[in-house]
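The following exercises concern a predicted model with bound ligands. Each task is followed by a solution that proceeds step by step.

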Amino acid sequence: MPQWVEGKIAENIHWTDNLFTLKIDADIDKFAAGQFTSVALDIDGERIARPYSFLNSPDQRPLEFFFYTAIEGKLSNALIKLKVGDSVWIKKQANGFFVLNEIPPCKDIWMLGTGTGIAPYLSILNAPAVWERFEKVVLIQAVRTQADLRYQELITNLENRFEDQFFFQAFVSRENIEGTFHGRITASLEDQSLEKHLGLDLNVENSHIMLCGNPEMVKDSVEILKRRGFSKHRRRKPGQITVENYW
Ligand SMILES: Cc1cc2nc3c(=O)[nH]c(=O)nc-3n(C[C@H](O)[C@H](O)[C@H](O)COP(=O)(O)OP(=O)(O)OC[C@H]3O[C@@H](n4cnc5c(N)ncnc54)[C@H](O)[C@@H]3O)c2cc1C
Ligand SMILES: NC(=O)c1ccc[n+]([C@@H]2O[C@H](COP(=O)([O-])OP(=O)(O)OC[C@H]3O[C@@H](n4cnc5c(N)ncnc54)[C@H](OP(=O)(O)O)[C@@H]3O)[C@@H](O)[C@H]2O)c1
């Protein structure tokens, strides 16, 4: 049985009609950057819980989560209506293996995310370990429209702090936006245009790739990367790909 802690909404930021951030005060156990927890509400007498990745790093408070409302989604459509001071349930203990400690030794780390799948990466990037460990840190944020492209200030701040080490590229698939890649991550993995644009090598010897968000993006990217010689990482059989599917 999960142990639930009552959290209080500190802020609810509506970025668009269906994209929002909740900041929550709650006394939970220590977690590792990249992990997720369960957030829950009691709806019609039933506790409805879903997993959500922490966006804040382990030392930052309040807790922060980045949400889309799924179409007819039971919990996300209730969470978006919460007001400052409202209660929400959070699981005391975090879960998940989408963390740096699970990544085998390598030189460069590539973090590819769609939609709210950027969250675990921002948690990792706001903690010191990633900068101490990797030569190059690459973050790819892929969204449908420019309005979905959030947390740019935080990312620009990282670009300024880690100028020679950090590489960021946004993808906007359904609009032509200057400075972003038009289309999908998968197309640019296939034709290697992303690597060429960044001036970096993505290869089996030096790189580890994290994929997070839309399960179709994860599946299709893994297929393309397998054709390029990469394999999924397992504790017993090390590889270069680590994934987190959001649904
Ligand atoms: C490890 C993990 C971490 C996650 N972290 C986040 C996060 O940080 N932010 C976030 O917004 N979501 C995250 N999710 C998804 C989240 O747990 C819920 O699935 C989502 O909020 C929908 O819940 P719901 O009750 O509103 O919809 P439901 O009533 O459960 O589902 C409605 C339908 O929408 C589809 N669906 C579910 N999630 C999504 C989605 N994100 N986008 C599109 N369609 C979806 C499902 O196929 C489902 O049939 C994560 C999932 C996992 C497994
Ligand atoms: N974002 C919105 O404006 C919006 C609006 C209404 C509802 N929603 C709800 O929110 C959910 C999550 O939104 P989301 O924007 O994160 O959706 P998403 O469908 O996961 O799109 C995010 C990005 O991933 C890309 N993508 C999708 N499938 C892919 C694949 N197989 N390979 C490579 N890239 C792929 C999309 O490209 P493509 O654009 O080419 O698909 C888009 O650039 C939606 O499924 C929906 O339920 C979102």
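**Exercise 1. Backbone geometry**

In which loop is the place of Pro62? Describe also the peptide bond that leads into Pro62, and the phi angle of Glu72.

Solution.
- Step 1. Pro62 is placed in the loop between E4 and E5.
- Step 2. The bond from Arg61 to Pro62 is cis, and its omega is near 5°.
- Step 3. Glu72 belongs to the loop between E5 and helix H1 (76-79).
- Step 4. Glu72 is a residue other than glycine with a positive phi, near 60°.
- Step 5. As a general background, most peptide bonds are trans, and most residues other than glycine have a negative phi.

**Exercise 2. The surroundings of ligand 1**

Determine which residues surround ligand 1, which strands supply its shell, and where ligand 1 lies with respect to the two domains.

Solution.
- Step 1. Ligand 1 is surrounded by 18 residues, of which Arg50, Pro51, Tyr52, Phe66 and Ser76 are the closest.
- Step 2. Sorted by class, this shell holds 10 nonpolar, five polar and three charged residues.
- Step 3. At least two shell residues come from each of strand E4 (46-53), strand E5 (63-68) and strand E12 (241-245). The contribution of E4, four residues, is the most to this shell.
- Step 4. Ligand 1 lies between domain 1 (4-91) and domain 2 (100-245), because both give residues to its shell.
- Step 5. The space that ligand 1 takes is the largest pocket.

**Exercise 3. Polar contacts of ligand 1**

Identify the polar contacts that Lys74, Leu75 and Thr116 make with ligand 1, then state how much of the ligand is covered.

Solution.
- Step 1. Pairs of N or O atoms within 3.5 Å are accepted as polar contacts.
- Step 2. Two backbone contacts reach oxygen atoms of ligand 1: a backbone N or O atom of Leu75 is 2.8 Å away, and one of Lys74 is 3.1 Å away.
- Step 3. Thr116 uses its side chain, where an N or O atom is 3.4 Å from a nitrogen atom of ligand 1.
- Step 4. On its own, ligand 1 has 880 Å² of accessible area, and the protein covers 74% of it.

**Exercise 4. The surroundings of ligand 2**

Which residues come nearest to ligand 2, and which elements supply its shell?

Solution.
- Step 1. There are 19 residues around ligand 2; Ser173, Arg174, Arg184, Asn214 and Asp220 come nearest.
- Step 2. The classes in this shell are six nonpolar, seven polar and six charged residues.
- Step 3. Strand E8 (136-143) and helix H7 (215-227) each provide at least two of the shell residues. H7 gives the most, with three residues.
- Step 4. Domain 1 (4-91) and domain 2 (100-245) each contribute at least three residues to the shell around ligand 2.
- Step 5. Ligand 2 is located in the largest pocket.

**Exercise 5. Polar contacts of ligand 2**

State which atoms of ligand 2 are approached by the side chains of Tyr68, Asp148 and Asp220, and how much of the ligand is buried.

Solution.
- Step 1. The side chain of Tyr68 places an N or O atom 3.2 Å from an oxygen atom of ligand 2.
- Step 2. For Asp148, a polar side-chain atom lies 2.9 Å from a nitrogen atom of ligand 2.
- Step 3. For Asp220, an N or O atom of the side chain is 2.9 Å from a nitrogen atom of ligand 2.
- Step 4. The protein buries 81% of the 840 Å² that ligand 2 exposes when taken alone.

Technical notes. Residues are numbered from 1 along each chain as its sequence is written. Chains are lettered from A and ligands numbered from 1 in the order in which they are written. This is a predicted model: local features need pLDDT of at least 70, side-chain atom pairs count only at pLDDT 80 or more; totals for chains, interfaces and linings use all residues. Side-chain values use heavy atoms; hydrogens and water are left out. A residue is near a molecule or strand if one of its heavy atoms lies within 4 Å of it. A polar contact is a pair of N or O atoms within 3.5 Å; within protein, one must be able to donate a hydrogen and the other to accept it, and residues adjacent in sequence count only if both atoms are side-chain atoms. Accessible areas come from the Shrake-Rupley method with a 1.4 Å probe; for residues, only the protein chains shown count as cover. On a 1 Å grid over the protein atoms alone, a cavity is a set of points where a 1.4 Å probe fits but cannot get out, and a pocket is an open set with protein on both sides within 12 Å along at least five of seven lines; lining residues have an atom within 4 Å of a point. A molecule sits in a cavity or pocket if more than half of its atoms lie within 2 Å of its grid points. Ala, Val, Leu, Ile, Met, Phe, Trp, Tyr, Cys and Pro count as nonpolar, Asp, Glu, Lys and Arg as charged, and the others, Gly among them, as polar. Domain bounds come from an automatic or database domain assignment.
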